[in-house]
Amino acid sequence: MGALDSLSEYFSNHFYVSIRKRRKRKLMQTVNIKVKIDCDGCERKIKNAVSSMKGAKSVEVNRKMHKVTVSGYVDPKKVLKRVQSTGKKKAELWPYVPYTMVAYPYAAGAYDKKAPPGFVRKSEHAQAQPGSTDDKLMSLFSDENPNACTVM
């Protein structure tokens, strides 16, 4: 019985230690970063730096929009740090949302001349407040509302 007791103790301790040592698995996500890209060299340097990260599955660089898209099991802060380590100190997480997702795209702080076409900057002032009168009026004449008023 001594050998069986020691074996069962060994396996139970080993199982407990292996559970404790497990790390939380990162989620598959897409990270967008705004960074100024001037030439092919900058593009290549950023792409090589980010694609060598552990967990990065795909890297897309759009020079025209000044956007780097990284998909994989990565942390957004670590991707941002890696891009900044290439010499691009003004890199930031993608601050824009599509134009259609904002209730007031011309509100102060939302409209940005440097934004790519079809995008505006994320801003709390541009979002509609829940239950505001604007929402009620918009739904009053909506095609999706079956009880909506129709004007002929």
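1. A strand, as the word is used in this note, is a DSSP run of at least two residues in state E, and strands are numbered from the N terminus. In this predicted model, Lys67 belongs to strand S3, which covers residues 67–72.

2. Lys67 deserves attention for its surroundings. The residue is buried but takes part in no salt bridge. Its nearest side chain of opposite charge is that of Glu60, at a distance of 8.1 Å. Since a salt bridge requires a side-chain nitrogen of Lys or Arg within 4 Å of a carboxyl oxygen of Asp or Glu, the reader can follow why the pair of Lys67 and Glu60, 8.1 Å apart, is not counted.

3. Which residues does Lys67 contact, leaving aside its neighbours within four places in sequence? They are Asn32, Ile33, Val35, Glu60, Val61, Asn62 and Trp94. Glu60 therefore appears both in this list of contacts and as the nearest side chain of opposite charge.

4. How many salt bridges does the structure hold? There are three. The points below take them in turn.

5. One salt bridge joins the side chains of Lys34 and Glu92, with an N to O distance of 3.8 Å. The two partners come from distant parts of the chain, 58 residues apart: Lys34 is in strand S1 (residues 29–34), and Glu92 is in strand S4 (residues 92–93). Glu92 is partly exposed, its relative accessible area being 30%.

6. Another salt bridge is formed by Arg63 with Asp40, whose closest N and O atoms are 2.1 Å apart. Arg63 is in the loop between strand S2 (56–62) and S3, while Asp40 is in helix H2 (residues 40–51); the pair therefore ties together parts 23 residues apart in sequence. Both partners are partly exposed: Arg63 has a relative accessibility of 29%, and Asp40 has one of 48%.

7. Arg63 also meets Glu43 in a salt bridge between their side chains, at 3.2 Å from N to O. Because Glu43 lies in helix H2 and Arg63 in the loop between S2 and S3, this pair ties together parts that are 20 residues apart in sequence. Glu43 is partly exposed, with 23% relative accessible area.

8. Which residues are linked in a network of salt bridges? The network consists of Asp40, Glu43 and Arg63. Arg63 pairs with Asp40 and with Glu43. Lys67, by contrast, is buried and has no salt bridge.

Key
Residues are numbered from 1 along each chain as its sequence is written. This is a predicted model: local features need pLDDT of at least 70, side-chain atom pairs count only at pLDDT 80 or more; totals for chains, interfaces and linings use all residues. Side-chain values use heavy atoms; hydrogens and water are left out. Helices (H or I, at least four residues) and strands (E, at least two) are DSSP runs, numbered from the N terminus. Buried means under 20% relative accessible area, exposed over 50%, partly exposed in between (1.4 Å probe, protein chains only). Lys and Arg count as positive and Asp and Glu as negative; His and the chain ends are not counted. Contact means heavy atoms within 4.5 Å.
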